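Biologist: Hi! Could you walk me through this one? I'm still new to reading structures.

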Amino acid sequence: EPRKDIPSSNALSRENKNAASWQEVFNDHIDTQRSSWIDELQYSEDLNGNSIVKMKANGHHYTYYQVPRELWNDWKYAPSLGRFYNKHIKGNYSTK
């Protein structure tokens with residue numbers, strides 16, 4: 001008779017699949033060479049849709065939370081990264 005205190009191989013397989021799916025995230029970055037003052041931009045999103053934008057500008061680091069991926073995509077293709085930041089990100093998203 002199988003021991004009840006040891007999970008079956010099917011249960012372990014399901015647990016491993018669930019654990020693996022929680023490790024999936026979306027990451028992206030923007031090439032900032034065209035900006036005179038933004039040095040780095042990186043976007044991360046977890047499976048629950050929680051997002052973080054990390055920005056380095058003029059030697060300072062900033063983190064913004066819950067920036068929608070659609071807005072991030074617009075930022076990627078904006079003619080001016082700095083103008084887009086000032087209009088759409090700065091003051092509109094939480095830094096805590």
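Modeller: Happy to! One term first: two strands count as paired if DSSP finds at least two bridges between them. Also keep in mind that this is a predicted model.

Biologist: Okay, so which residue stands opposite V53 in β4?

Modeller: That's Y64. The two strands involved, β3 and β4, pair in the antiparallel sense over six bridges.

Biologist: How many residues lie between β3 and β4 in their hairpin?

Modeller: Two residues. N58, in that turn, has a positive phi of about 50 degrees.

Biologist: Now the whole sheet. What is the order of its strands?

Modeller: The order is β1-β2-β3-β4, in an open sheet of four strands with antiparallel pairing. β1 (26-30) and β4 (60-65) each have a single partner strand, so they stand at the edges and one side of each has no neighbour in the sheet. From one strand to the next, the twist averages 15 degrees.

Biologist: And how many bridges join β1 and β2?

Modeller: Five, again in the antiparallel sense, with β2 covering residues 38-45. Within that pair, F26 stands opposite E45 in β2.

Biologist: Which strands does helix α2 touch?

Modeller: α2 (residues 69-76) packs on the sheet and touches β1, β2 and β3. Its direction makes about 25 degrees with that of β1. Helix α3 (residues 81-89) also packs on the sheet, touching β1, β2, β3 and β4. The direction of α3 makes about 50 degrees with that of β2.

Biologist: Let's stay with α3. Which of its residues are buried?

Modeller: L81, G82, F84, Y85 and I89. They cover an arc of only 160 degrees around the axis, which puts them on the same side of α3. These buried residues pack against β1, β2, β3, β4 and α2.

Biologist: What sits on the face turned away from that buried side?

Modeller: The exposed residues R83 and K87 are found there.

Biologist: Changing topic: which residues touch the most other members of the largest nonpolar core?

Modeller: L41, V53, M55, W72, W75, Y85 and I89 do, out of 17 residues in that core. The elements giving two or more residues to the core are β2, β3, α2 and α3. The largest share, four residues, comes from α3.

Biologist: Y85 came up twice! What does Y85 touch?

Modeller: Leaving out residues up to four places away in sequence, Y85 touches W37, I38, M55, Y64, W75 and K90.

Biologist: Last one: what follows α3?

Modeller: G91, and its phi is positive, near 80 degrees.

Technical notes:
Residues numbered from 1 in each chain as written. Predicted model: local features only at pLDDT ≥ 70, side-chain atom pairs only at ≥ 80, totals over all residues. Heavy atoms only, no water. Axes fitted to C-alpha atoms, helices over the stretch in contact; angles between N-to-C directions. Contact = heavy atoms within 4.5 Å. Core = buried A, V, L, I, M, F, W, Y, C linked by side-chain atoms within 4.5 Å. Buried < 20%, exposed > 50% of the residue type's maximum accessible area, 1.4 Å probe, protein only. Arc of directions from axis to C-beta.
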